[in-house]
Amino acid sequence: MKKFIHALPKVELHIHIEGTLEPELMFELAKSNNIEIPFNTIAELKDAYDFHNLQSFLDIYYQGANVLVKEQDFFDLTWAYLLRCKADNVIHTEIFFDPQTHTNRGISFDTVINGIHKALLKGKEELGISNKLIMCFLRHLDEDAAFHTLALAIPHKDKIIAVGLDSSELGNPAGKFERVFKEAINNGFLTVAHAGEEGPPESIRDALELLGISRIDHGVTCSEDDTLLAMLAIKRIPLTVCPLSNTKLKVFDAMEQHNIVNLLREGLCVTINSDDPAYFGGYMTDNFMAIAEAHDITKTEISQFTFNAIEASFISAEEKERLTMVIKNYLTT
Ligand code: HPA
Ligand code: ZN
C-alpha cells in the first residue's frame, strides 16, 4: 500500500504556505533576518509543537511566520514546498497564503505574493507541477482589515484564483465576512472557507449560505447533522480534509476515529490534504498513509480521494480530463 500511495499522482487543495515552514529554514531565516525566536534549538522548537486545539497551534504558527521578511524568503519557502510535492508525486496544488500575517508586520503585499508567485512559475516550468493561489482572510481580524486586504489583492487578480477564510473559527462566524466575500465575488474571485473544523455544523451551513463558497476546508463536523450530510453528498460539495492536522489539533482523538472514510462511503466529495505539514508531521503521502494504516480501505477508495480532488479543483474542464487520465493510466499500469 505504501508504494501504491507514494506513486499515486496526487492533487492537494488545502495547504497553507506558511505552514510548510520547516524548523531548519525557520532558524536559517531567523539568523539571516535578525529575528528573535524564543527557541535555542530545533529540538526545543519541535517540543513546542504539542498542540491541544487550533488556537494553541495558531499561536506558534504566527510566531514562526515572523522570520519571513524578504521576497526571496517567500520564494524559498514555496520552492521547498514544491520540492516536497515532487517527492510525493503531487501533480497539482492549490495553495493558501495569509497576507495579513505579513502586512501587519510591515511586509508589503507585493513582497509576499511576488516571492510565492515566482516560485510557482518555476515549479510549473521545471517540476511540471500546476498550481492555483488562494488568498485567505484571517477571521480573528475585523471586516475593515479584510476589505483593505482585498483592495491590495485586486492589482494581482491574475495571480489569485480565490479568496478563503482561516484562523480561529470559534467566536468568528462566517457572517462577519459576508460583505467582503460578496465584494470578492463581484471582482471575479471564487470563494472557499474553513468551516466545521472546530465549529459545529451550523458553521458549515453559514459558510455555504453567506459566503457563496465552492468548497469547504475541513468540514468534518458535518457528520453531526444528517440533513447537512445528505445535502453535501447530493450536491457533491467538496470537503478538503486534513487527517494529520485533525488528530494533532484533537479534532479526533485518534486516526482510527477519523470520519473521512465513512464520509467517502456516504458519497461525499472528500479529499486528503496536508494543511500545515511542517507542524503536523507530514506531507501528502504521510496523510494518505495515516488513513490507510488506521482504516480498512481499498486501493480503489484511496484513488477516489484523488479523483475527488480533481473534481473539486479550480482547473479547467480540459485540465480535469487530462489529470483524470493521468490517474487512470497509473491505475492500469
Ligand atoms: N485552521 C484554521 N486556520 C489555519 C489552519 C487551520 O487548520 N492552518 C493554518 N491556519
Ligand atoms: Zn487549513
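Visitor: What makes an atom a donor of a metal here?
Guide: Donors are N, O and S atoms within 2.8 Å of the metal (3.2 Å for Na, K and Ca), and sites may look incomplete because water is not among the atoms. In sequence, the donor residues of the zinc ion (ligand 2) follow the spacing H-x1-H-x177-H-x80-D. This is a predicted model, in which local features need pLDDT of at least 70 and side-chain atom pairs pLDDT 80 or more, while totals for chains, interfaces and linings use all residues. Residues are numbered from 1 along each chain as its sequence is written, chains are lettered from A and ligands numbered from 1 in the order written, and side-chain values use heavy atoms, without hydrogens or water.

Visitor: Which protein atoms are donors of the zinc ion (ligand 2)?
Guide: H14 (NE2), H16 (NE2), H194 (NE2) and D275 (OD) lie 2.0 to 2.3 Å from the zinc ion, so they meet the limit of 2.8 Å.

Visitor: Why is the site of the zinc ion (ligand 2) called irregular?
Guide: Four donors are tetrahedral if all angles lie between 85 and 135 degrees, or square planar if opposite donors are over 155 degrees apart and all others between 65 and 115; anything else is irregular. Here the angles among the four donor atoms are 83 to 175°, and the site is irregular.

Visitor: What makes the contacts of ligand 1 polar?
Guide: A polar contact is a pair of N or O atoms within 3.5 Å; within protein, one must be able to donate a hydrogen and the other to accept it, and residues adjacent in sequence count only if both atoms are side-chain atoms. A polar side-chain atom of H218 lies 3.1 Å from an oxygen atom of ligand 1, and one of D276 lies 2.7 Å from a nitrogen atom of ligand 1.

Definitions and conventions:
Tetrahedral: all angles 85-135°; square planar, octahedral: opposite > 155°, others 65-115°.
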